[in-house]
Amino acid sequence: MLQLLAAHDVTEQQWRVLRVLSEAGPIEATELADRASVLQPSLTRIIKTLEGRKFITRNKAQGDGRCVVLAIAPAGSALIEALSPERRVIYDDIERRFGRERLEHLLDLLEILIDGKG
């Protein structure tokens, strides 16, 4: 997957941010950092890069100008869509080698770790 991302000049952390925004819709920066498992200082740099490449948009939250709401832009959605077939092949290979049950268990454990309930 890293080679696929590198071919599109996207880091793994940038990809996580794009995926979260694609799946969650517009969200505040602090929630995005939590969901993407990215430290806030790193997220600030990632936001600048992705916004500069027109992959995301940044707006002030209604009612609280201090909060930033981020959303995936059409170019970001297009990137995710463009990588979907290759990404699917990679994930299918992982599932084939690792086994569906073990992969699902691993994903459950990672979700627990991300949520901080472990």
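In this predicted model, the lining of the second largest pocket divides into five nonpolar, three polar and four charged residues. The pocket itself holds about 180 Å³ of space. Its lining consists of E28, A29, T30, Q40, L43, T44, I47, K48, R58, R66, C67 and V68. Two or more of these residues come from each of α3, α4 and β3, and α4 gives the largest share, with five residues.

Helix α4 therefore deserves a closer look, as the element with the largest share of that lining, and its buried residues lie on the same side because they cover an arc of only 140 degrees around the axis. The helix runs over residues 40-52, 13 in number, and its first and last C-alpha atoms are 18 Å apart, close to the 18 Å expected at 1.5 Å a residue. The buried residues in question are S42, L43, I46, I47 and L50. A general point helps in reading this pattern: an α-helix has 3.6 residues a turn, so residues three or four places apart point the same way.

What, then, covers the buried residues of α4? The cover includes two helices, α2 (12-24) and α3 (29-36), together with the strands β2 (56-61) and β3 (64-72). On the face turned away from the buried side, α4 carries the exposed residues P41, R45, K48 and G52. Two of the names recur in the second largest pocket: L43, which is buried in α4, belongs to the pocket lining, and K48, which is exposed, belongs to that lining as well. I47 likewise is buried and lines the pocket. Just after the helix, K54 adopts a positive phi of about 65 degrees.

Attention now turns to the largest pocket, whose volume is about 990 Å³. It is lined by 26 residues, and those closest to its centre are R16, R19, Y91, L107 and L110. By class, the lining comprises 14 nonpolar, one polar and eleven charged residues. Helices α1 (2-7), α2, α3, α5 (74-98) and α6 (100-115) each contribute at least two residues to this lining. Which element supplies the largest share of it? That is α6, with eight residues.

Read side by side, the two pockets draw on some shared elements. Helix α3 gives at least two residues to the lining of the largest pocket and two or more to that of the second largest. The largest share comes from α6 in the largest pocket and from α4 in the second largest.

Conventions. Residues numbered from 1 in each chain as written. Predicted model: local features only at pLDDT ≥ 70, side-chain atom pairs only at ≥ 80, totals over all residues. Heavy atoms only, no water. Helix = DSSP H or I, 4+ residues; strand = E, 2+ residues; numbered from the N terminus. Expected span 1.5 Å × (residues − 1). Buried < 20%, exposed > 50% of the residue type's maximum accessible area, 1.4 Å probe, protein only. Arc of directions from axis to C-beta. Contact = heavy atoms within 4.5 Å. 1 Å grid on protein atoms, 1.4 Å probe; cavity = no way out; pocket = protein on both sides within 12 Å on 5 of 7 lines; lining within 4 Å. Points joined across faces, edges and corners; volume = space filled by probe spheres on them. Nonpolar A, V, L, I, M, F, W, Y, C, P; charged D, E, K, R; others polar.
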